[in-house]
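Visitor: I have a model open and would like to learn how to read its features. Could you walk me through it?

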Amino acid sequence: MQSSALVYYYKYYIGSTAMSSLVATIMTMVPMVANLTVPFLAKRLGKRNLYSTAATVQLVGLVIIFIGNLNTTIIIVGAFISACGYGVKESIYFSMQADPVDYGEWKTGIQAAGTLSSVNGFLGKVAQAAAGGISGLLLAWGAYSSTATVQTAEALLAIKAMYLYIPMILLVCSIVTMSFYKLDKLRLQALANYATFDNVELVKRCLYLFAGMTTEEGKISSNVFVKPENIPDDTFLYEYSLFFYLRSL
């Protein structure tokens with residue numbers, strides 16, 4: 001919806017076709033560069049947090065464009081910030097599609113990658129069709145005329161809603177929805193279960209590593225690292241120590 005409204009917004013609301021070309025270029029090129037930061041940021045923040053952060057950055061960019069009104073410099077800054085958030089958000093979104101596949105296989109034993117991918121693609125097409133339909137309804141409500149030099153106030157409001165208001169509302173909804181997303185951590189648990197299932201020697205090795213790297217007080221670290229050398233983490237879970245103590249009785 002926003003991409004289709006871009007030309008209308010800058011031609012009729014801002015009054016500059018040159019700005020529409022410039023912003024369109026920013027929205028095309030900047031996300032390509034922003035995508036390169038996703039692997040690093042995903043490791044640092046996690047997928048869910050990265051998605052929410054990127055959506056927030058995109059939202060901030062749209063707010064700046066809204067505040068800038070007719071100031072082209074502020075609009076360009078807002079478009080750049082929004083494009084950065086958009087690029088990262090879209091990239092990590094496609095990466096997150098693997099999480100429900102692994103989690104579903106772990107919980108049910110059914111490999112449904114094809115089905116889930118098809119459902120996701122179908123919903124994407126439905127959303128695009130709905131966005132196009134809503135855009136058409138808004139322009140019709142505003143009595144938009146492609147031949148008019150100056151659009152009605154209602155048409156300008158519809159165009160602004162398509163470019164700013166609705167995307168901002170949807171971004172807020174996505175941030176709130178993502179706060180309930182837990183599969184990024186559960187996916188790691190599923191992968192760990194795959195590696196350790198029925199692998200007694202691996203499990204024994206892990207238990208021995210934990211038990212062999214205790215502190216002077218007998219506490220057991222929550223994590224141990226084996227490369228480049230055996231190093232216990234400096235965080236502790238007391239149930240780990242209790243577990244090993246009970247096992248020793």
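Guide: Gladly. This is a predicted model, and a good place to begin is a single residue and its contacts. Setting aside neighbours within four places in sequence, S52 is in contact with I175 and M178.

Visitor: Where does S52 sit, and is S52 buried or exposed?

Guide: S52 belongs to helix α4. Residues under 20% relative accessible area are called buried; S52 has 15%, so this serine counts as buried.

Visitor: How does V33 read by that yardstick, buried or exposed?

Guide: The cut-off for exposed is over 50%. V33, a residue of helix α2, counts as exposed because its relative accessibility is 55%. You can also set sequence distance beside spatial distance: V33 and V88 are 55 residues apart along the chain, while their C-alpha atoms are 9.3 Å apart.

Visitor: Now the empty space. How do I find a pocket?

Guide: Rolling a probe the size of a water molecule over the atoms shows where empty space is left. In this model, the largest pocket holds about 1700 Å³ of space. Its lining has 39 residues, and those closest to the centre are Y51, K89, E90, Y93 and A127. Elements giving two or more residues to that lining are α1, α2, α4, α5, α6, α7 and α8.

Visitor: Which element gives the most to the lining, and how do the lining residues divide by type?

Guide: Helix α7 gives the most, with 13 residues. By type, the lining has 25 nonpolar, 11 polar and 3 charged residues.

Visitor: K89 and E90 were both on your list for the centre. How do their side chains meet?

Guide: They form a salt bridge, at 2.9 Å from N to O. A search of the whole structure finds 1 salt bridge. The partners can be read by accessibility too: K89 counts as buried because its value is 8%, whereas E90, at 26%, is partly exposed.

Visitor: Back to α7. How can I check the length of a helix against its residue count?

Guide: Compare the expected span with the distance between its ends. At 1.5 Å a residue, the 29 residues of α7 should span 42 Å, and the end C-alpha atoms are 42 Å apart, so the two agree.

Visitor: Which residues of α7 are buried, and what covers them?

Guide: A131, S135 and L139 are buried, and the cover over the buried residues of α7 includes α1 and α8. Look just past the helix as well: A143, right after α7, takes a positive phi of about 60°.

Conventions. Residues numbered from 1 in each chain as written. Predicted model: local features only at pLDDT ≥ 70, side-chain atom pairs only at ≥ 80, totals over all residues. Heavy atoms only, no water. 1 Å grid on protein atoms, 1.4 Å probe; cavity = no way out; pocket = protein on both sides within 12 Å on 5 of 7 lines; lining within 4 Å. Points joined across faces, edges and corners; volume = space filled by probe spheres on them. Helix = DSSP H or I, 4+ residues; strand = E, 2+ residues; numbered from the N terminus. Nonpolar A, V, L, I, M, F, W, Y, C, P; charged D, E, K, R; others polar. Expected span 1.5 Å × (residues − 1). Buried < 20%, exposed > 50% of the residue type's maximum accessible area, 1.4 Å probe, protein only. Contact = heavy atoms within 4.5 Å. Salt bridge = Lys/Arg side-chain N within 4 Å of Asp/Glu carboxyl O.
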